[in-house]
Amino acid sequence: MRIILLGAPGAGKGTQSNFISKALGIPQISTGDMLRAAVKEETPLGRKAKEVMDSGNLVSDDIILDIIKERLKEDDCRSGCLFDGFPRTIAQAEALDREGITINHVIEIRVEDSSIIQRMSGRRVHPASGRTYHLTFNPPQQPGVDDETGEPLIQRVDDTEETVKKRLAIYHEQTSPLIEYYTGRTAEGTLDSPRFTTVEGTGKVEEIRDRILKALGA
Ligand code: AP5
Ligand code: ZN
């Protein structure tokens with residue numbers, strides 16, 4: 001089963017990926033996490049991506065498609081995967097189609113822009129795993145440290161209010177057209193068209209998890 005989690009920055013894609021990937025036994029593929037790992041390791045890719053990411057812009061489609069193609073060659077992707085934060089542009093979605101990588105289900109997590117800034121300012125992440133917390137809405141068991149490893153949590157560089165606003169604008173301009181891209185195809189009923197479900201993303205983390213798992217029949 002291949003699933004795409006679509007949603008604005010801060011909609012809860014990373015938070016929910018954690019549950020879905022465990023429930024379905026498929027790996028989460030987060031282009032954001034992969035890019036942040038490359039930045040941390042100062043690889044050539046990381047050096048190219050850092051400035052773009054810090055400013056809230058999108059990394060070029062070519063770079064993203066290269067890292068996705070490499071990742072999909074790994075054994076754990078054989079039974080499927082969960083894409084988090086990819087595709088992000090129509091060109092990226094078209095590339096998936098061209099490569100014959102069929103998608104079974106697209107889940108859009110919908111959250112109003114007005115809630116997003118508050119979510120981002122309280123976000124803390126465990127960089128090595130991508131596990132995500134919120135100081136108020138989803139706090140770690142012990143302040144400042146990851147539940148599973150006990151390692152310190154950090155704040156993302158691109159979570160300032162100004163950068164979040166920029167990321168939201170880019171989402172509406174370049175990523176939200178994917179909703180039409182996938183729902184249009186579902187309406188056409190072509191054989192390889194994915195199911196598309198919009199899930200209301202406001203409420204308790206567990207409630208949203210249950211809505212998504214129900215939509216996926218898991
Ligand atoms: P990426 O890492 O993908 O960031 P994003 O899409 O902007 O999404 P976020 O990770 O910010 O949010 P999320 O939806 O995962 O929310 P989360 O679960 O953390 O990309 C970063 C950058 O990399 C991009 O800007 C771009 O430069 C580049 N990039 C990545 N992929 C790319 C691509 N394909 N093409 C081009 N460039 C690409 O939740 C947010 C907060 O809310 C957390 O604190 C969480 O605890 C809290 N929260 C979650 N659920 C709830 C709830 N129900 N109620 C209250 N709080 C909640
Ligand atoms: Zn994320």
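# Exercises on a predicted model

The side chains of H126 and E151 are joined by a polar contact of 2.7 Å; a polar contact is a pair of N or O atoms within 3.5 Å, where within protein one must be able to donate a hydrogen and the other to accept it, and residues adjacent in sequence count only if both atoms are side-chain atoms. This is a predicted model, in which local features need pLDDT of at least 70 and side-chain atom pairs count only at pLDDT 80 or more, while totals for chains, interfaces and linings use all residues. Residues are numbered from 1 along each chain as its sequence is written, chains are lettered from A and ligands numbered from 1 in the order in which they are written, and side-chain values use heavy atoms, with hydrogens and water left out.

## Exercise 1: H126

Task: Find where H126 lies, and decide whether H126 counts as buried or exposed.

Solution.
- Step 1. H126 belongs to strand β5. Helices (H or I, at least four residues) and strands (E, at least two) are DSSP runs, numbered from the N terminus.
- Step 2. The relative accessibility of H126 is 2%, so H126 counts as buried. Buried means under 20% relative accessible area, exposed over 50%, and partly exposed in between, with a 1.4 Å probe and protein chains only.
- Step 3. Besides E151, the side chain of S129 makes a polar contact with the side chain of H126, at 2.7 Å.
- Step 4. Not counting residues up to four places away in sequence, H126 touches R131, D146, T149, E151, P152 and L153. Contact means heavy atoms within 4.5 Å.

## Exercise 2: The hairpin of β5 and β6

Task: Describe how β5 and β6 pair, and which way the residues of β6 point.

Solution.
- Step 1. Strand β5 covers residues 123-126 and pairs with β6 in the antiparallel sense over four bridges. Two strands pair if DSSP finds at least two bridges between them.
- Step 2. R123 stands opposite H134 in β6.
- Step 3. From β6 (residues 131-134), R131 and Y133 point one way, T132 and H134 point the other way, and all are buried.
- Step 4. The hairpin has four residues between the strands, and G130 takes a positive phi near 85 degrees.
- Step 5. An unreviewed UniProt entry lists residues 123-158 as "domain: Adenylate kinase active site lid". UniProt positions are given in the numbering used here, feature names are shortened, and annotations may be inferred rather than shown by experiment.
- Step 6. Over residues 123-158 the chain is 0% helix and 22% strand, with the end C-alpha atoms 11 Å apart.

## Exercise 3: The open sheet

Task: Give the order of the strands in the open sheet and name the edge strands.

Solution.
- Step 1. The order of the five strands is β2-β3-β1-β4-β7, and the pairing is parallel.
- Step 2. At the edges are β2 (28-30) and β7 (195-200), each pairing on one side only.
- Step 3. From one strand to the next, the twist averages 20 degrees.
- Step 4. Helix α9 (residues 205-216) packs on the sheet and touches β1 (2-6), β4 (105-110) and β7; the direction of α9 makes about 165 degrees with that of β7. Axes are lines fitted to C-alpha atoms, for helices over the stretch in contact, and angles run from 0 to 180 degrees between N-to-C directions.
- Step 5. Strand β3 (residues 81-84) runs parallel to β2, and three bridges join them. The bridge partner of S30 in β3 is D84.

## Exercise 4: Ligand 1

Task: State which residues come nearest to ligand 1, and list some polar atom pairs.

Solution.
- Step 1. There are 35 residues around ligand 1, of which T15, N57, R123, Y133 and R167 come nearest. A residue is near a molecule or strand if one of its heavy atoms lies within 4 Å of it.
- Step 2. R123 has a polar side-chain atom 2.6 Å from an oxygen atom of ligand 1.
- Step 3. A nitrogen atom of ligand 1 lies 2.9 Å from a polar side-chain atom of Q92.
- Step 4. For G203, a polar backbone atom is 2.9 Å from a nitrogen atom of ligand 1.

## Exercise 5: Backbone exceptions

Task: Locate E42 and P87, and state what phi E42 has and what peptide bond joins F86 and P87.

Solution.
- Step 1. Most residues other than glycine have a negative phi, and most peptide bonds are trans.
- Step 2. E42, in the loop between α2 (31-41) and α3 (44-54), has a positive phi near 55 degrees. At 53% relative accessibility, E42 is exposed.
- Step 3. F86 and P87 are joined by a cis peptide bond, with omega about -10 degrees. P87 lies in the loop between β3 and α5 (90-98).
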